[in-house]
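Student: Hi! Could you walk me through this structure? I'd like to start with the cysteines.
Tutor: Happy to, let's open it up.

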Amino acid sequence: MYFKIPGPLGVREHSNNHDGPFISKFFHNGVHQAPSHGFDGAVGAPYFSTPLANKVTNSDIAAGLMCEELSEAEFSVLVMALCKDAIVLAEQRQAELQRWDAAAKKRTWIWFNSSSEELRDFLLKGIAATIVSLRALRAKDFVQYSEENIKLGSCHGSVVDPEAAASVCPVDVANKRIMIAPKFCGLSRDKRNPYNGEIGDGDSQLLTLVHEVTHFKDVFGSNDNFYSTFRSIKYVEDPGIRFNADSLAAYIIGTNPRQERY
Ligand SMILES: [Zn+2]
């Protein structure tokens, strides 16, 4: 029953949009920007761990599998399909920013509390870098979230966070490894409504992928100040919200927030 303060690696945590209280757990390794809003005293619905959370057994990990019930080939198909979907959505956002009509301005206002030209330029630049990174990703770049891979990404001194769904080393811009933890496998694929195609808010594998990519220093260099799409909206008036990974990811994939801002 907690909501952990984001770690230094740009750790993507599983969350379910409940606004639970924080506990103090933050390891600083000088790589990732420290949260500026560690404690907010938020008290809301408790954190519910998903029953699907731990889908990988020790024997699966030993066998090199990322997710239980998915062969290596099936996992590759999944992550490459997620990349493809993310690219399509990021390109939609890019086109929307280029049009810069009322709908485009409303979406930036919803997620970043601004429709300024300066924000528009910031997003265009970062989304272009997001698309370049997503296009470059291959199945081999999705690796297990382990001490060994943390070191390979140059995040020395950091440890595996057992609560994380995925993680990156923001400085690992040369290789851009996406480290996948067992919790990733239990997340919903994309929260897409099968009837109207809309992407609902909440955590998903698609949101996690884009979230992680935004962390890289040559993309947005984002932070984890406010986890979950729910908290991204709740704290939208924070002056640093444009660097919040979940705000960026939710915006890029075109999330339709439950809590509209009017
Ligand atoms: Zn993160």
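Student: Is Cys-67 buried or exposed?
Tutor: Cys-67 counts as buried, because its relative accessibility is 2%. Buried means under 20% relative accessible area, exposed means over 50%, and partly exposed is in between (1.4 Å probe, protein chains only). One thing to know early: this is a predicted model, where local features need pLDDT of at least 70 and side-chain atom pairs count only at pLDDT 80 or more, while totals for chains, interfaces and linings use all residues. Residues are numbered from 1 along each chain as its sequence is written, and side-chain values use heavy atoms, with hydrogens and water left out.

Student: Got it. Which residue does a disulfide join to Cys-67?
Tutor: That would be Cys-185, with 1.9 Å from S to S. A disulfide here is a pair of cysteine sulfur atoms within 2.5 Å. Cys-67 sits in the loop between helix 1 (58-62) and helix 2, and Cys-185 sits in helix 6, so the pair ties together parts that are 118 residues apart in sequence. Helices (H or I, at least four residues) and strands (E, at least two) are DSSP runs, numbered from the N terminus.

Student: And what about Cys-185, buried or exposed?
Tutor: Cys-185 is buried, with a relative accessible area of 16%.

Student: What is the torsion about the S-S bond there?
Tutor: For Cys-67 and Cys-185 the torsion is about -80°, so this disulfide is left-handed.

Student: How many disulfides does the structure hold?
Tutor: The structure holds two. Another disulfide joins Cys-155 to Cys-169, with 2.5 Å from S to S. Cys-155 is in the loop between helix 5 (147-152) and strand 5, and Cys-169 is in the loop between strand 5 and strand 6, 14 residues apart. Cys-155 is buried at a relative accessible area of 0%, and Cys-169 counts as buried at 1%.

Student: What pattern do the disulfides follow?
Tutor: Counting bonded cysteines along the chain, the pattern is 1-4, 2-3.

Student: OK, new topic: salt bridges. How many does the structure hold?
Tutor: There are 13 salt bridges. The term stands for a side-chain nitrogen of Lys or Arg within 4 Å of a carboxyl oxygen of Asp or Glu. One of them pairs Arg-93 with Glu-96, whose closest N and O atoms are 3.0 Å apart.

Student: Where do Arg-93 and Glu-96 lie?
Tutor: Both are in helix 2, three residues apart, which is about one turn of the helix. Arg-93 and Glu-96 are both buried.

Student: Why does being three apart matter in a helix?
Tutor: An α-helix has 3.6 residues a turn, so residues three or four places apart point the same way.

Student: Can you show me another one?
Tutor: Sure, Arg-120 and Glu-117 meet in a salt bridge at 3.4 Å, N to O. They are three residues apart in helix 4, so about one helical turn separates them. Arg-120 counts as buried at 18% relative accessibility, whereas Glu-117 is partly exposed at 46%.

Student: Which residues are linked in a network of salt bridges?
Tutor: Asp-85, Arg-189, Asp-190 and Arg-192 are linked that way. Within that network, the side chains of Arg-189 and Asp-190 meet at 3.0 Å, N to O.

Student: Switching again: which residues of helix 3 are buried?
Tutor: In helix 3 (residues 102-112) they are Ala-104, Thr-108, Ile-110, Trp-111 and Phe-112. Seen down the helix axis, they fall within an arc of 160°, so they line one face of helix 3. The arc is that of the directions from the helix axis to the C-beta atoms.

Student: What covers them?
Tutor: The cover includes helix 2 (72-99), helix 4 (117-136), helix 8 (229-234), helix 9 (245-252) and strand 8 (255-256). Contact means heavy atoms within 4.5 Å.

Student: Last one: which residues touch the most other members in the largest nonpolar core?
Tutor: Of its 53 residues, those are Leu-123, Ile-127, Phe-142 and Leu-209. A nonpolar core is a set of buried Ala, Val, Leu, Ile, Met, Phe, Trp, Tyr and Cys residues joined through side-chain atoms within 4.5 Å. Helix 2 gives the largest share of this core, ten residues.
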